[in-house]
Amino acid sequence: MDLSLYAREGEREFVELTRSFVRKSVQPLFGDNAPDGDLGMVPSILDTAFEVGLAASPHSGMPGFEYGIWGTSADNPEGVRLSAILLSVVAEACPGIAMNLHVQGLASRIITSSKGSFPEPPVRVATALQEGHTLPGFRAVLGQGRGPDDGIGTRALPTEKGWAITGTKSFVYSMEKADAFLVFCRIEGRSGKEDTGCLLVPADATGLKLQDIGGRTGIRACRLSHLILKDVEVSSECRFLPADDFPLMGQALCLHWLGISAMAAGNASGALKAAREYAATRYQGGAMIEEHPAVRKLLALSEARVEAAFALLVQTCSFAGGNTDFLRRCAIAKLMTTDWAFSAVTDALQVFGGYGYMEDYCMEKRLRDAIVLKSAAGSRNYLEAFISDAARGEI
């Protein structure tokens, strides 16, 4: 499918720029026989993304500050939609590269849209939201967390110059050699009152440790670590506050869920394109397999699910804003688009028959990536409970 159809007239040049980046930089990643491509090329690919302005940065002088993925243009529904489309275009080729751009843009967006006094923002930054196998609790998302049931165990205690942070953040995606991490935690004020907040932690801070999680299923082109903090001291300048009444954690979750939805839809679109190309060139039983009823049905179902995923994604972006209803809509989008996208990938894979599970055609990689995107940033049970509570006004 043509993703530029979802872009407005003045936005299609950004879509073409992204496609050019994918052709020249991302696709050569898969020139060897490794199942996930030559991962040693990832750093140079990301350097190029910064140079062409596709990777957002909190530095106003860098190319991606405004129109990079989740750059400052993403402070309105049109900008959010454009970033989601560009993310999908990259994910058509490699969701792992797209994940790098997504987490970079997410952190940049938090910094540029917040009330922070950090003297010079880092260039490469990632966001640490999750603890254990769960996301923070509902009250904590809205900045109302109080006590051990708020889903946030990471704590920041006041010191003479700022705070000392202790805790563990699980499954933190980041670019290699990230300069800093945005850590969501429970912050204890000097009066003893606690609140949820966000602190910027330099990657070289004393007491900060990145623990690689080892072998994993998919999205291998993006670093994934557990962030372990033990009495990590940061200055008072490193705290970020929401620029409006919607808490930072809620803002972060909205874009995170939208980003994963966009990557899932893009990955499914890439799988559908590959299946159509294969069906149009594979001859069997006296005809091209695209003429066989079973194959035509698989392609039709895959296309329907991809279209449904993009339609829901674009519709959700149109409601972008700082409120709990948008948060609920993003949760719905994440739940349904990743589901539809996963089914679209499995349908497309079956067009290849047994070859679909071989590394030669890269379909097994798409299936692995689809599985990870479906489970990332909140399980199905978590999202269903979140949507149910939001509908009843209980968050």
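**Figure 1. Arg329 is placed over the face of Phe319.** In this predicted model, Arg329 lies 3.6 Å from the centre of the Phe319 ring. A second view of this kind shows Lys374 over the face of Phe342, with a distance of 4.6 Å to the ring centre.

**Figure 2. A salt bridge joins Lys374 and Asp339.** The side chains of Lys374 and Asp339 meet with a nitrogen-to-oxygen distance of 3.1 Å. Because Lys374 belongs to helix α10 and Asp339 to helix α9, the pair ties together parts that are 35 residues apart in sequence. Lys374 is partly exposed, with a relative accessibility of 32%, whereas Asp339 counts as buried at 18%. Lys374 is also the residue that lies over the face of Phe342.

**Figure 3. Arg368 and Asp36 form a salt bridge.** The distance from N to O in this pair is 3.3 Å. Arg368 lies in helix α10 and Asp36 in the loop between α1 (12-26) and α2 (42-52), so the salt bridge ties together parts that are 332 residues apart in sequence. Both partners are buried: the relative accessibility is 11% for Arg368 and 5% for Asp36. Arg368 and Asp36 also belong to a network of salt bridges that includes Arg220 and Glu364.

**Figure 4. Arg155 and Glu188 form a salt bridge between two strands.** The closest N and O atoms of Arg155 and Glu188 are 3.1 Å apart. Arg155 lies in strand β3 (residues 155-158) and Glu188 in strand β5 (residues 180-188), so the pair ties together parts that are 33 residues apart in sequence. Arg155 is partly exposed, with a relative accessible area of 29%. The count for the structure comes to 19 salt bridges.

**Figure 5. The rings of Tyr278 and Phe352 are stacked.** The structure holds nine aromatic pairs. In the pair shown, the ring centres of Tyr278 and Phe352 are 4.4 Å apart and the planes meet at 25°; the pair counts as stacked because this angle is under 30 degrees. The pair links distant parts of the chain, 74 residues apart: Tyr278 lies in helix α7 (residues 248-279), and Phe352 in the loop between α9 (324-351) and α10 (363-375). Tyr278 and Phe352 are both buried.

**Figure 6. Four aromatic residues form one cluster.** The members of this aromatic cluster are Phe138, Trp257, Tyr382 and Phe386.

**Figure 7. Three residues make a nonpolar patch on the surface.** Tyr355, Met358 and Tyr361 make up this patch, which has an area of about 250 Å². Tyr361 is located in the loop between α9 and α10. With a relative accessibility of 33%, Tyr361 counts as partly exposed.

**Figure 8. Cys222 and Cys317 have no cysteine sulfur close enough for a bond.** A disulfide is a covalent bond between the sulfur atoms of two cysteines. The cysteine sulfur closest to that of Cys222 is in Cys94, at 9.8 Å, which is too far for a bond because a disulfide requires sulfur atoms within 2.5 Å. For Cys317, the closest cysteine sulfur is in Cys330, at 7.5 Å, and this distance is likewise too far for a bond. Cys222 is buried, with a relative accessible area of 1%, and Cys317 is buried with a relative accessibility of 1%. The count for the structure comes to zero disulfides.

Technical notes:
Residues are numbered from 1 along each chain as its sequence is written. This is a predicted model: local features need pLDDT of at least 70, side-chain atom pairs count only at pLDDT 80 or more; totals for chains, interfaces and linings use all residues. Side-chain values use heavy atoms; hydrogens and water are left out. Buried means under 20% relative accessible area, exposed over 50%, partly exposed in between (1.4 Å probe, protein chains only). Rings of Phe, Tyr and Trp (its six-membered ring) pair if their centres lie within 6.5 Å; planes under 30 degrees apart count as stacked, over 60 as edge-to-face and the rest as tilted. Helices (H or I, at least four residues) and strands (E, at least two) are DSSP runs, numbered from the N terminus. A charge sits over a ring if NZ of Lys or CZ of Arg is within 6 Å of the ring centre and within 35 degrees of the ring normal. Patches are made of residues with over 30% relative accessible area and no salt bridge: like charges are joined within 9 Å, nonpolar side chains (Val, Leu, Ile, Met, Phe, Trp, Tyr) within 5 Å. Accessible areas come from the Shrake-Rupley method with a 1.4 Å probe; for residues, only the protein chains shown count as cover. A salt bridge is a side-chain nitrogen of Lys or Arg within 4 Å of a carboxyl oxygen of Asp or Glu.
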